[in-house]
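Here are my notes on the model you asked me to look over, set out as numbered points. They begin with the helices and then turn to charged pairs, the loops and the surface.

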Amino acid sequence: MTARARIEEVVTETVLDILPGLDKDRVRGRAHLRDLGADSVDRVEIIVGLLDRLAIQEPLASFADLPDIDALTDLLHELLDERSGR
């Protein structure tokens with residue numbers, strides 16, 4: 001499993017923890033968390049959950065303008081790469 005695939009898996013797990021009735025296949029690509037039914041509190045909980053699960057320290061504001069799940073995954077991947085010195 002690639003690092004990106006693992007991040008996608010963690011994103012899906014975290015979103016489904018916060019939005020348990022959601023179809024797993026909807027958590028991908030161009031969908032915004034708002035499109036998946038996440039209100040502002042849900043979105044904060046999802047981001048905090050992702051940061052905890054991936055052991056990343058990053059201000060929440062860094063995630064405010066991300067347009068979709070792909071962009072969220074890209075940013076998390078970038079942050080993990082920075083942390084590992086790549």
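**Helix packing and contacts**

1. The axes of helix α1, which spans residues 3-18, and of α2 approach to within 9 Å and cross at roughly 135°. That angle makes α1 oblique to α2, because a value of 135° falls short of the range over 145 degrees that would count as roughly antiparallel. The crossing by which α1 passes α2 is right-handed. Please keep in mind throughout that this is a predicted model.

2. The second helix pair has another geometry to consider, and two packed helices are described by the angle between their axes and the distance between the axes. For α2 and α3 the angle is about 30° and the axes lie 12 Å apart, and the two helices are therefore roughly parallel to each other. The cut-off matters for that label, since angles count as roughly parallel when they are under 35 degrees. The crossing of α2 and α3 is right-handed.

3. Which residues of α1 and α2 meet in a salt bridge? The side chains of R53 and E13 do, with N and O at 3.7 Å, and since R53 belongs to helix α2 and E13 to helix α1, the pair ties together parts that are 40 residues apart in sequence. R53 counts as partly exposed at 41% relative accessibility, and E13 also counts as partly exposed, at 33%. The N to O value of 3.7 Å should be read against the criterion of within 4 Å that defines a salt bridge here.

4. A salt bridge within a single helix is formed by the side chains of R6 and E9, where the N to O value is 2.5 Å. Both residues lie in helix α1, and they are three residues apart, about one turn of the helix. R6 is partly exposed, its relative accessible area being 38%, and E9 counts as partly exposed at 32% relative accessibility.

5. A further salt bridge joins R30 to D68, with 3.3 Å between the closest N and O atoms. This pair links distant parts of the chain, for R30 sits in the loop between α1 and α2 while D68 sits in the loop between α2 and α3, 38 residues apart. What is the solvent exposure of each partner, buried or exposed? R30 counts as exposed at 69% relative accessibility, whereas D68 is buried, with a relative accessible area of 8%.

6. Beyond these individual pairs, R4, E8, D70 and D74 are joined into one network by salt bridges that share partners. The structure holds seven salt bridges. As background, side chains of opposite charge can pair when their charged atoms come close.

7. The end of α2 and the loop after it deserve a look together. L54 lies in helix α2 and counts as buried at 11% relative accessibility; its C-alpha is 9.9 Å from that of H77, although the two residues are 23 apart in sequence. A55 is found in the loop between α2 and α3, and it is exposed, with a relative accessible area of 53%.

8. The backbone at A55 is a point I would single out, as its phi is near 55°, a positive value in a residue other than glycine. Most residues other than glycine have a negative phi, and most peptide bonds are trans.

9. In the loop between α1 and α2 one finds D23, which is partly exposed, with a relative accessible area of 43%. The C-alpha atoms of D23 and L36 are separated by 9.3 Å, while the residues themselves are 13 apart along the chain.

10. Lastly, where on the surface do V44, V48 and L60 come together, and what do they make? They form a nonpolar surface patch of about 220 Å². L60 is placed in the loop between α2, residues 40-54, and α3, residues 69-84, and it is partly exposed, with a relative accessible area of 41%.

Key
Residues numbered from 1 in each chain as written. Predicted model: local features only at pLDDT ≥ 70, side-chain atom pairs only at ≥ 80, totals over all residues. Heavy atoms only, no water. Patch = residues over 30% accessible without salt bridge, like charges linked within 9 Å, V, L, I, M, F, W, Y side chains within 5 Å. Areas by Shrake-Rupley, 256 points an atom, 1.4 Å probe, with all protein chains shown as cover. Helix = DSSP H or I, 4+ residues; strand = E, 2+ residues; numbered from the N terminus. Buried < 20%, exposed > 50% of the residue type's maximum accessible area, 1.4 Å probe, protein only. Axes fitted to C-alpha atoms, helices over the stretch in contact; angles between N-to-C directions. Parallel < 35°, antiparallel > 145°, perpendicular 65-115°, else oblique. Left-handed = near helix turned anticlockwise from the far one by under 90°.
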